[in-house]
Amino acid sequence: MPGIDECLLEAMRLPGARGAALVDWTSGLALGTVGEAPGGDHETTAAEAAELARMAAEHGAFALHGDGADDGRPPVEDMIVSNRDSYHLLRFLDTSFDSTVFLHLWLGREDGNLALARIRLGEMAARLVLG
Amino acid sequence: MTVTHIPPLPVRDKAAGRALSPMLTRLAEERATGVLVREHGVLHLAEGRVVHAESPCSPGLGVLLTAHGTLATAAWQQAAAHTTSPPRAAELLLESGLLPVGALELCHLDALYDAGYFALAPSSTPGRFRYDHTPRPGPLPSVPVVALERETLRRRLLLHRLWPDPAADSAPLIRADPPAPAPLTPRQRAVLDRVDGVRTATGIALDLGRQAFHTLVDVRRLAAAGRLAAAPGAVPDPVPPYPPPVADPDIALLKRLRDALEAL
């Protein structure tokens with residue numbers, strides 16, 4: 001069963017991975033980081049990514065409106081931000097305990113495979129908290 | 001009537017005052033092992049790193065793990081009964097394989113930063129450090145002192161930006177009805193549903209099995225939106241101070257005294 005560091009190192013083995021972090025979107029704290037950070041500072045990156053994640057997690061526009069809307073689980077599974085040279089993939093963790101955590105993977109656009117990374121990051125997020 | 005000139009009290013240099021606890025900084029530098037008892041919580045240090053934190057203001061690891069059924073309450077109680085302290089109980093759970101490693105590490109770090117925030121809150125009494133060989137680096141992640149201090153300062157600033165009045169942090173909370181209420185997030189609704197004129201933010205956090213700092217973030221946001229307030233006239237819930245270790249020579253003080261004498 002992987003811990004936080006093993007999970008982040010596994011994410012770094014994805015083609016094109018530049019950096020990865022486990023971040024709490026309420027506080028903006030990076031609970032674990034590996035590789036590079038855009039701008040060179042994991043702490044700032046975590047705080048900024050947390051703002052974006054919080055918007056997606058809390059705003060009604062992205063919430064579920066059908067069955068299961070009030071089950072307390074994160075409504076959003078993941079978010080993708082693409083810029084001209086890289087992708088940012090944010091994957092929310094669905095935990096059995098109360099938490100507001102997501103995995104952030106920074107992926108080079110040239111070598112990265114967004115579709116593969118999205119599937120694999122989802123699997124890693126589940127394994128991290130479900131074993 | 002004679003007016004005596006009272007010299008101003010010495011004021012600490014603001015720039016030098018960045019460290020939340022000078023004692024803690026010194027303990028980290030000397031890679032100390034032991035327990036730092038402060039007014040609102042305790043920090044367990046192993047070789048100068050924080051391995052565990054506890055505060056009466058925040059739910060502990062056991063609450064976070066059992067509140068939503070991640071771990072059966074009986075399993076936690078059993079682990080706690082077989083060990084001497086919560087960090088040991090967590091290690092026992094790790095060895096037992098009852099919980100996914102990632103989930104346990106995550107809850108452990110959540111509880112550590114949460115309790116650390118309160119333990120490092122401004123206090124009216126000096127902290128006391130007990131050199132002790134009990135805390136040791138274990139398989140669960142530890143945190144450098146500077147990282148905990150930096151995060152605590154960042155969290156204070158975050159709360160201040162949301163709503164600068166800390167009155168609602170520790171007092172019993174009451175609901176308020178603004179004329180045009182802004183929509184609530186599901187997490188805010190859970191907090192507001194538990195506001196009953198008696199519970200404090202800490203009480204709500206315990207009830208929700210949620211980190212106390214996370215609860216404070218929503219309490220400050222709800223206060224800013226005019227949805228809740230500190231109960232009028234309520235004396236802020238006095239935080240039960242941690243019992244200081246008794247019959248224990250104050251080694252930290254003696255060491256400081258020795259250092260000061262040697263420096264003469």
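**Entry 1. Chain B overall**

I began with burial in chain B of this predicted model: of its 264 residues, 48% count as buried. I then looked up the secondary structure of chain B and found 11 helices and 7 strands. I also checked how far apart in sequence the contacting residues of chain B lie. Among contacts with a separation of 6 or more, 75% are between residues 24 or more positions apart.

**Entry 2. The two domains of chain B**

I looked up the domain assignment next. Domain 1 of chain B is given as 21–159 + 239–263, and domain 2 of chain B as 163–230. Taken over C-alpha atoms, the centres of the two domains are 26 Å apart.

I then turned to the interface of these domains. In chain B, domain 1 places 15 residues in contact with 14 residues of domain 2. The area buried between domain 1 and domain 2 of chain B is about 1,200 Å², and carbon and sulfur atoms give 66% of that area. I searched for salt bridges between the two domains of chain B and the count was 0. The search for polar contacts across the interface of the same domains returned 7 residue pairs, both residues at pLDDT 80 or more.

I noted which elements form the side of domain 1 of chain B that touches domain 2. Two or more residues come from each of α2 (61–66), α5 (101–119) and α6 (145–162) of chain B. The largest share, 4 residues, belongs to α5(B). By class, I recorded this side of domain 1 of chain B as 10 nonpolar, 2 polar and 3 charged residues.

**Entry 3. Chain A against chain B**

I moved on to the contact between the chains, which takes 28 residues from chain A and 29 residues from chain B. Chain A and chain B bury about 2,400 Å² between them, with 58% of this area on carbon and sulfur atoms.

How many salt bridges cross the interface of chain A and chain B? I found 3 salt bridges there. I noted the pair R210(B) and D98(A), whose side chains meet in a salt bridge at 3.2 Å, N to O. For polar contacts across the interface of chain A and chain B, I recorded 13 residue pairs, both residues at pLDDT 80 or more.

On the side of chain A that touches chain B, at least two residues each are supplied by α1 (4–12), β1 (17–24), α2 (42–58) and α3 (114–130) of chain A. Of the elements of chain A, α2(A) gives the most to this side, with 4 residues. I recorded the classes on this side of chain A as 14 nonpolar, 8 polar and 6 charged residues.

**Entry 4. T26(A)**

I closed with a single residue, T26(A), which I located in the loop between β1 and β2 (30–35) of chain A. Is T26(A) buried or exposed? T26(A) counts as buried because its relative accessible area is 10%, under the 20% cut-off.

I then listed what T26(A) touches, leaving out residues up to four places away in sequence: T100(A), L158(B), H214(B) and V217(B). The side chains of T26(A) and T100(A) are joined by a polar contact of 2.8 Å.

Definitions and conventions. Residues numbered from 1 in each chain as written. Chains lettered and ligands numbered in written order. Predicted model: local features only at pLDDT ≥ 70, side-chain atom pairs only at ≥ 80, totals over all residues. Heavy atoms only, no water. Domains from an automatic or database assignment. Contact = heavy atoms within 4.5 Å. Buried area = accessible area lost by both parts, 1.4 Å probe. Salt bridge = Lys/Arg side-chain N within 4 Å of Asp/Glu carboxyl O. Polar contact = N/O pair within 3.5 Å; in protein donor to acceptor, adjacent residues only side chain to side chain. Nonpolar A, V, L, I, M, F, W, Y, C, P; charged D, E, K, R; others polar. Buried < 20%, exposed > 50% of the residue type's maximum accessible area, 1.4 Å probe, protein only.
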